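The following exercises concern helix geometry, helix packing and the nonpolar core. Each task is followed by a worked solution.

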Amino acid sequence: MCSTTFIFSPALFQLLPEEHKNQQNLLFFGLGMNIFFANALAINAQSMWGRSLDHLAKTKNSNFKYSQIFSDGLRSAGVKAFFGPSKWFSRVLMNAPAQGTIPWFGGFILPKGEVY
């Protein structure tokens, strides 16, 4: 996630035409990269890691193939085994403030949730 925030977003943003570059565009470009691209990859990685640990706990055999873990996950839960709205929202809401991608999250978004 940090590589997306501090390396990939600024590097890709530099490729945009100069007339489209400003602070607001950088903010939204960074948010888009972090929230959509990086979190989609991270959700899949976390799901594979969790399923691999479950497999290890059941079989006590550390020799496994990720392709088999992936196939078993798809067979048991379909695509939701690795990506779904609930996984995406929980990951984004958990990581966005920690990554520092949206510094206003703590002062603007969280207080709205505390009202309810």
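**Exercise 1: Helix length**

Compare the span of α3 with the expected span.

Solution. In this predicted model, α3 has 12 residues. From its first C-alpha to its last, α3 reaches 16 Å, close to the 16 Å expected at 1.5 Å a residue. Just after α3 comes G78, with a positive phi of about 70 degrees.

**Exercise 2: Helix packing**

Determine how α2 and α3 pack and classify their contact residues.

Solution. Begin with the axes: those of α2 and α3 lie 10 Å apart, at an angle of about 100 degrees. Because angles of 65 to 115 degrees count as roughly perpendicular, α2 is roughly perpendicular to α3. Next, list the residues: α2 contributes M48, R51, S52 and H55, which meet Y66, I69, F70, G73, S76 and A77 of α3. Finally, sort them by class: 5 are nonpolar, 4 polar and 1 charged.

**Exercise 3: The loop residue K60**

Locate K60 and decide whether K60 is buried or exposed.

Solution. K60 is found in the loop between α2 and α3. Its phi is positive, about 60 degrees, although K60 is not a glycine. Exposure requires over 50% relative accessible area; K60 has 69% relative accessibility and therefore counts as exposed.

**Exercise 4: The nonpolar core**

Identify the residues of the largest nonpolar core and the helices that supply them.

Solution. The largest nonpolar core has 5 residues: L31, I35, I43, W88 and V92. At least two residues of this core come from each of α2 (23-59) and α4 (85-99). The helix that gives the most is α2, with 3 residues.

Definitions and conventions
Residues numbered from 1 in each chain as written. Predicted model: local features only at pLDDT ≥ 70, side-chain atom pairs only at ≥ 80, totals over all residues. Heavy atoms only, no water. Core = buried A, V, L, I, M, F, W, Y, C linked by side-chain atoms within 4.5 Å. Buried < 20%, exposed > 50% of the residue type's maximum accessible area, 1.4 Å probe, protein only. Helix = DSSP H or I, 4+ residues; strand = E, 2+ residues; numbered from the N terminus. Expected span 1.5 Å × (residues − 1). Axes fitted to C-alpha atoms, helices over the stretch in contact; angles between N-to-C directions. Parallel < 35°, antiparallel > 145°, perpendicular 65-115°, else oblique. Contact = heavy atoms within 4.5 Å. Nonpolar A, V, L, I, M, F, W, Y, C, P; charged D, E, K, R; others polar.
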